[in-house]
Amino acid sequence: MPKRVLPLSDLKINKAKPQDKEYRLFDGGGLYLAVTPSGGKLWRIKYRFEGKAKEIHLGAYPVITLAEARQKLLDTKRTIASGVDPGAVKKAQKQARLEKEANSFEVIAREWHGRYIGQWTAGHAVTIMSRLERDVFPYLGSEPIEEIKAPAVLKLLRRVESRGALESAHRIRTVIGQVLRYAVATGRAERDCTGDLKGALPPATKKHLAALTDPKDVAPLLRAIDGFQGSFVVKCALRLASIFFVRPGELRQAEWTEFDFDAAQWNIPAERMKMKLPHIVPLSEQAIAILKELRPLTGHSKYVFPSHRTPLRCMSNNAVNAALRRMGFEKDEMCAHGFRAMARTILDEVMGFRIDFIEHQLAYAVKDANGRAYNRTAHLEARRQMMQQWADYLDGLKAGAKVLPIRQVG
């Protein structure tokens with residue numbers, strides 16, 4: 001006769017103490033509890049399928065209770081009776097779970113981010129990931145990407161909107177859509193559901209960055225920059241910001257090796273430009289003079305405008321804005337990016353230069369009649385003249401002269 005097994009009880013299980021070697025407490029029918037030397041108590045089921053001895057691991061006690069373990073034993077026996085190996089079922093379920101986790105929104109979003117990070121500026125890449133980590137992953141990160149539907153995305157976006165960040169909600173919708181389209185392209189989702197949300201959010205009101213665009217307001221700004229009492233490096237950055245009108249990140253990350261004084265131009269590499277195209281900034285006489293004045297101070301560094309803490313990093317992205325505040329210009333009056341709007345407005349409306357010359361110099365995505373992007377040398381000579389006249393115009397404003405509109409080039 002087979003040995004009679006006394007059923008387990010919670011009392012008996014709780015009294016079981018670890019020994020030097022693992023031992024078993026049987027409950028009957030193949031169900032037993034393995035007590036490990038470290039004190040773990042693990043449920044297992046022994047069974048035979050097609051003449052072979054097999055075993056299933058259920059989990060630890062008391063996470064899996066005695067009653068739950070017995071129910072799993074009954075389920076296992078029913079599975080065997082139906083002609084299916086319960087071990088194979090468990091293995092298939094585990095594989096499905098792993099695949100589900102591997103295709104979660106967060107996993108694919110991080111893969112997408114890693115794939116495209118080389119096409120973005122460092123700041124833009126950080127912004128995208130911070131939006132995902134703060135506003136998306138906590139709610140959709142663990143969801144299988146093929147199961148994400150429009151209502152779930154809308155609920156997330158309305159959560160962002162409710163804190164007064166409507167523009168961020170629109171940007172997050174765009175990022176989610178990009179991740180979903182990447183998943184479609186790589187065969188892990190059927191469609192991008194964010195297209196169904198068109199019109200679901202109120203339109204975001206576009207906020208224009210603060211800028212002084214009236215020459216009578218620009219003149220005091222230029223005189224304030226000349227009288228700036230802070231860091232000489234920051235003062236030079238302010239002076240060149242008005243002359244170059246490049247994006248703030250392009251200015252503060254400028255490297256000495258990019259400046260060709262013989263050709264009188266600054267060659268910004270594609271990887272540092274928003275549009276990922278190389279850009280040429282012609283150097284006016286004034287710009288060259290400022291750079292040569294600065295070079296003895298920072299020429300030992302890779303950067304034209306190194307951090308005051310270490311020459312191994314460029315100047316902080318807040319340095320120019322902080323200097324403007326120190327000079328008394330409020331954030332709703334002027335910001336570092338405002339030098340671009342200042343130049344764009346005055347070059348067009350006061351000085352009368354051709355719009356395409358201005359937009360080429362602003363490094364916008366200007367295209368020809370056939371829809372092709374112009375190359376970086378387009379209208380370069382005309383732009384050289386424009387940049388010199390712009391620097392002369394600023395000198396005139398600063399000096400208080402009555403500066404008349406200049407005849408356009410070309």
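Residues are termed buried under 20% relative accessible area, exposed over 50% and partly exposed in between (1.4 Å probe, protein chains only). The structure is a predicted model, in which local features need pLDDT of at least 70 and side-chain atom pairs count only at pLDDT 80 or more, while totals for chains, interfaces and linings use all residues. Residues are numbered from 1 along each chain as its sequence is written, and side-chain values use heavy atoms, with hydrogens and water left out.

A search of the whole structure yields 23 salt bridges, each defined as a side-chain nitrogen of Lys or Arg within 4 Å of a carboxyl oxygen of Asp or Glu. One of them joins Arg-191 to Asp-196, with the closest N and O atoms 2.9 Å apart. Both partners are partly exposed, Arg-191 at a relative accessible area of 48% and Asp-196 at 45%. The salt bridge between Glu-250 and Arg-247 also has an N to O distance of 2.9 Å; here Glu-250 is buried, at 3% relative accessibility, and Arg-247 is buried at 11%. In the pair formed by Arg-354 and Asp-356, the closest N and O atoms lie 2.6 Å apart, and Arg-354 is partly exposed at 32%. Salt bridges further link Glu-106, Arg-110 and Glu-133 in a network.

Nonpolar cores were also identified, each being a set of buried Ala, Val, Leu, Ile, Met, Phe, Trp, Tyr and Cys residues joined through side-chain atoms within 4.5 Å. The largest contains 64 residues, of which Phe-244, Trp-266, Leu-283, Phe-305 and Trp-390 touch the most other members. A second, separate core comprises 33 residues, including Ala-125 and Leu-140.
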